[in-house]
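Subject: The structure I promised you

Hi,

Here is the structure we talked about, ready for you to open. Have a look around before you read my notes underneath.

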Amino acid sequence: MAPSSTQHVLLSPAELSYIHASLSHNPPIRPDGRSATQFRPLTAECDILPGTNGSARITFADGTEAVVGVKAEVEKSRAPYQVTQDELIGGDGEAQRAGLNEWVELSVEIPGFRDDDSMPVFLAAMMSEALLADGEFTKRLWINRRFHWKLYLDILLLSPPLSYPLPLLSLTAHLALLSTRLPRLKSELDEDPLFDDDWDASVYLYPRNKQSLLHRPPVTLLVMAVSDNIIFDASKEELAVADVVLAVSVGERPRSNEGDMEVDSGKVRDLRLLTVRTVDPPSRLTSSGVPNVLNTATGGTAATTTEKASSQREAMVEEGVWQPPRGGAKRKLIAAMISKVLEQGGVAEEVMDGLDGVELG
């Protein structure tokens with residue numbers, strides 16, 4: 001389970017109860033007035049870092065900002081990766097590309113955190129897991145049987161994290177990979193790689209032609225649930241009362257040429273689930289409220305011991321009194337959260353359509 005939010009929100013039990021009750025309405029009433037599926041406004045741009053193969057920056061309306069730079073270098077494939085000619089030659093006579101996860105190195109830096117702290121480590125692990133989940137990404141780094149591209153993704157959160165930063169970092173990395181270009185290969189077969197010096201002749205890591213079989217980079221969305229309401233892009237105040245928090249990574253399914261034309265004409269994406277991670281909600285660490293029957297200030301009777309008071313508060317359910325969530329999540333609710341992400345015309349499609357509008361290069 002990934003760690004909870006980077007900052008604990010200092011809210012009283014009364015404030016937590018008010019926010020939880022507001023988000024439990026149908027439709028939920030969010031503190032900033034957004035709908036349940038509405039994302040915060042953001043600004044995005046690409047190719048901002050000189051000397052990189054690709055880069056991007058995204059800034060949310062609350063001031064949270066992230067920058068991602070991508071660097072590529074040629075590396076010789078290690079000996080255990082070498083295979084026989086029969087294994088490399090497919091039925092159509094062309095070499096079958098394959099790759100290794102070690103060809104991609106991803107690092108996350110967050111202000112105020114060490115590189116070995118749990119938050120950057122878990123964020124890097126979740127983003128790497130989504131990127132390498134289907135095994136297709138590393139095939140793009142294959143040059144020939146002797147050489148490959150080694151890709152370095154440096155992800156930097158420029159501002160202190162005001163909420164869980166995973167969606168922001170994922171969207172920025174998505175744009176950075178889309179803008180990544182590699183020198184055009186001039187050599188053939190298993191010769192030492194020789195590249196074109198003209199950068200204008202370079203090729204995109206993700207080709208832009210509509211008939212390409214290569215799909216786009218994955219996107220990781222943060223989804224939370226309060227009672228039966230499913231909410232996207234939660235703020236730090238909303239995460240403080242969440243019952244369940246999931247990090248859901250989705251990608252586009254590779255399609256045939258005929259399928260691509262159909263999708264392009266209908267503006268429909270064929271999304272597939274890549275990874276799902278539970279995030280420990282910070283609401284579990286909040287203090288519970290004291291009901292009137294246990295509050296001496298309102299004429300109640302206080303428990304004689306701390307253990308007894310804790311057990312009484314957990315067993316008592318009173319409207320308007322905040323109780324941190326206990327136990328796990330129902331499978332039906334988790335399935336509904338994942339389906340909400342993948343549904344046709346849903347949030348994931350809306351996010352990817354918005355990223356398509358960013359000018360690359």
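Below is what I found, going from the whole chain down to single residues.

**The chain as a whole**

First things first: this is a predicted model. The chain has 361 residues, and 45% of them count as buried. Its secondary structure comes to 9 helices and 11 strands. Now look at how the chain folds back on itself: of the contacts with a separation of 6 or more, 72% are between residues 24 or more positions apart. The surface it exposes is about 18,200 Å², and carbon and sulfur atoms supply 51% of that.

**How far to trust it**

The mean pLDDT of the chain is 83, with 78% of residues at 70 or more. Two stretches need some care. Over residues 85-95 the pLDDT stays under 50, and the model has 10 contacts beyond four places in sequence for them. Residues 258-266 are also below 50, with 9 contacts beyond near neighbours in sequence. Where pLDDT is low, the predicted coordinates should not be read in detail.

**Salt bridges**

How many salt bridges are there? The count comes to 18. Here are three you can look up.

Start with Asp233 and Arg40, where the closest N and O atoms are 2.7 Å apart. Asp233 sits in the loop between strand 9 (229-232) and helix 5 (236-239), while Arg40 is in the loop between helix 1 (13-24) and strand 1 (42-46), so this salt bridge ties together parts that are 193 residues apart in sequence. Are these two buried or exposed? Asp233 is buried, at 2% relative accessibility, and Arg40 is buried too, at 12%. The cut-off here is simple: buried means under 20%. This pair also belongs to a network of salt bridges that links Asp32, Arg34, Arg40, Asp62 and Asp233.

Next, find Lys150 and Glu105, whose side chains meet in a salt bridge at 3.8 Å, N to O. Lys150 is in strand 5 (residues 147-157) and Glu105 in strand 4 (residues 104-109), so the pair links distant parts of the chain, 45 residues apart. Lys150 counts as buried at 9% relative accessibility, whereas Glu105 counts as partly exposed at 42%.

The third one joins Asp196 and Arg184, with 2.8 Å between the closest N and O atoms. Both residues are in the loop between strand 6 (181-182) and strand 7 (203-204), and the parts that this pair ties together are 12 residues apart in sequence. Asp196 is buried, with a relative accessible area of 18%, and Arg184 is partly exposed, at 35%.

**Helix 3 and what lies over it**

Helix 3 covers residues 118-132, which makes 15 residues. From its first C-alpha to its last it reaches 21 Å, close to the 21 Å expected at 1.5 Å a residue. Which of its residues are buried? They are Met119, Pro120, Leu123, Ala124, Met126, Met127, Ala130, Leu131 and Leu132. As you read along that list, keep one thing in mind: an α-helix has 3.6 residues a turn, so residues three or four places apart point the same way. The cover over the buried residues of helix 3 includes strand 4, strand 5, helix 4 (166-178), strand 8 (219-226), strand 10 and strand 11 (271-278).

**Two residues to click on**

Ser249 is in strand 10 (residues 244-252). Ser249 counts as buried, at 2% relative accessibility. Its side chain makes a polar contact of 2.7 Å with the side chain of Thr220. Leaving aside neighbours within four places in sequence, Ser249 is in contact with Ala130, Val219, Thr220, Arg272, Leu273, Leu274 and Thr275. Ala130 is one of the buried residues of helix 3 you met above.

Thr37 is in the loop between helix 1 and strand 1, and counts as partly exposed at 27% relative accessibility. Where does the chain come back to it? Thr37 and Val223 are 186 residues apart in sequence and 9.5 Å apart in space, C-alpha to C-alpha. Not counting residues up to four places away in sequence, Thr37 touches Phe232, Lys340 and Val347.

That's my tour. Tell me what you make of it!

Cheers

How values were computed: Residues numbered from 1 in each chain as written. Predicted model: local features only at pLDDT ≥ 70, side-chain atom pairs only at ≥ 80, totals over all residues. Heavy atoms only, no water. Salt bridge = Lys/Arg side-chain N within 4 Å of Asp/Glu carboxyl O. Helix = DSSP H or I, 4+ residues; strand = E, 2+ residues; numbered from the N terminus. Buried < 20%, exposed > 50% of the residue type's maximum accessible area, 1.4 Å probe, protein only. pLDDT = per-residue confidence, 0-100. Contact = heavy atoms within 4.5 Å. Areas by Shrake-Rupley, 256 points an atom, 1.4 Å probe, with all protein chains shown as cover. Polar contact = N/O pair within 3.5 Å; in protein donor to acceptor, adjacent residues only side chain to side chain. Expected span 1.5 Å × (residues − 1).
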